[in-house]
Structure formats: C-alpha cells, structure tokens
Amino acid sequence: MAQAGKGRLNYRCPSCFMRDIDIDMFYDKEKDEYYCLRCQYRGDEKNVLEKNELARFRYGMIGRRITIEDYGD
Ligand SMILES: [Zn+2]
C-alpha cells in the first residue's frame, strides 16, 4: 500500500507536540525541509521522524502507550 511520496505526508511538529499542541507542519520544497509556523522548528524528514519518535517516547513514559503501528504512513 504505497502512499504519497516524499513531501506529501503530514508530519506533526515534534516541538509543539512536546507542549501538547498537535499541529501539522508545512513542507518547503526548495529546501526539502518541513517547518512549523507556530514555533521555530524546521528540519528534514529524517530529523522530523527522529524528533517525533523522541516525543512519542516521552509521552509513552507518562502513560500513553504508543506502538510502532501508530507510526505508519
Ligand atoms: Zn512547532
């Protein structure tokens, strides 16, 4: 089940997510980076995924259980 290619996925901003704000980032095609309008965060896809994983991990530690299945694209 292939989904949309690079740049068409919606990633939430990991920085905002840490603050309990669930907001989708925008994609900068020229720089191949995602960025958030709400905070200063920006980063490429790999960075976003890493940060999001960290955020999920932290949330998991305080009770919300998030499995790798939630990760799907
Ligand atoms: Zn943000």
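Start by selecting C16 and C39: both are buried, where buried means under 20% relative accessible area, exposed means over 50%, and partly exposed is anything in between (1.4 Å probe, protein chains only). For C16 the relative accessible area is 2%. Keep in mind that this is a predicted model, in which local features need pLDDT of at least 70, side-chain atom pairs count only at pLDDT 80 or more, and totals for chains, interfaces and linings use all residues. Residues are numbered from 1 along each chain as its sequence is written, and side-chain values use heavy atoms, with hydrogens and water left out.

**The zinc site**

Now add C13 and C36 to the selection and show the ion. The SG atoms of C13, C16, C36 and C39 coordinate the zinc ion at 2.3 Å. Donors here are N, O and S atoms within 2.8 Å of the metal (3.2 Å for Na, K and Ca), and water is not among the atoms, so sites may look incomplete. The angles among the 4 donor atoms run from 105 to 115°, which makes the site tetrahedral; four donors earn that label if all angles lie between 85 and 135 degrees. Along the sequence, the donor residues follow the spacing C-x2-C-x19-C-x2-C. C16 sits in helix α1 (residues 14–18) and C39 in the loop between β2 (33–35) and β3 (42–43), so this pair ties together parts 23 residues apart in sequence. C36 is buried too, with a relative accessible area of 6%. How many disulfides does the structure hold? The count is 0, a disulfide being a pair of cysteine sulfur atoms within 2.5 Å.

**The core**

Next, select Y11, C13, C16, M25, Y34, C36, C39, Y41 and V48. These 9 residues make up the largest nonpolar core, meaning a set of buried Ala, Val, Leu, Ile, Met, Phe, Trp, Tyr and Cys residues joined through side-chain atoms within 4.5 Å. In soluble globular proteins, nonpolar side chains tend to be buried together.

Zoom in on Y11. Leaving out residues up to four places away in sequence, Y11 touches I23, D24, M25, Y34, E45, V48, L49 and N52; contact means heavy atoms within 4.5 Å.

From there, hop to N52, in helix α2 (residues 45–61). Is N52 buried or exposed? N52 counts as buried, at 4% relative accessibility. With the sequence neighbours up to four places away set aside, N52 touches Y11, R12 and P14.

**Strand β2 and the loop after it**

Select Y35 in strand β2. Y35 is partly exposed, with a relative accessible area of 25%. The contacts of Y35, again not counting residues up to four places away in sequence, are M25, F26, Y27, D28, Y41 and R42. Try a C-alpha distance to Y11: 9.6 Å, for residues 24 apart in sequence.

Then pick Q40, in the loop between β2 and β3. Q40 is exposed, with a relative accessible area of 78%. The C-alpha atoms of Q40 and S15 are 8.7 Å apart, with their positions 25 residues apart along the chain.

**Zoom out**

Colour by secondary structure to see 2 helices and 3 strands, in the order α-β-β-β-α. Helices (H or I, at least four residues) and strands (E, at least two) are DSSP runs, numbered from the N terminus. Of the chain's 73 residues, 27% count as buried. Finally, switch on the surface: the chain exposes about 5,700 Å², with carbon and sulfur atoms supplying 48% of it (Shrake-Rupley method, 1.4 Å probe; for residues, only the protein chains shown count as cover).

Note on methods: Four donors count as tetrahedral if all angles lie between 85 and 135 degrees; four count as square planar and six as octahedral if opposite donors are over 155 degrees apart and all others between 65 and 115; anything else is irregular.
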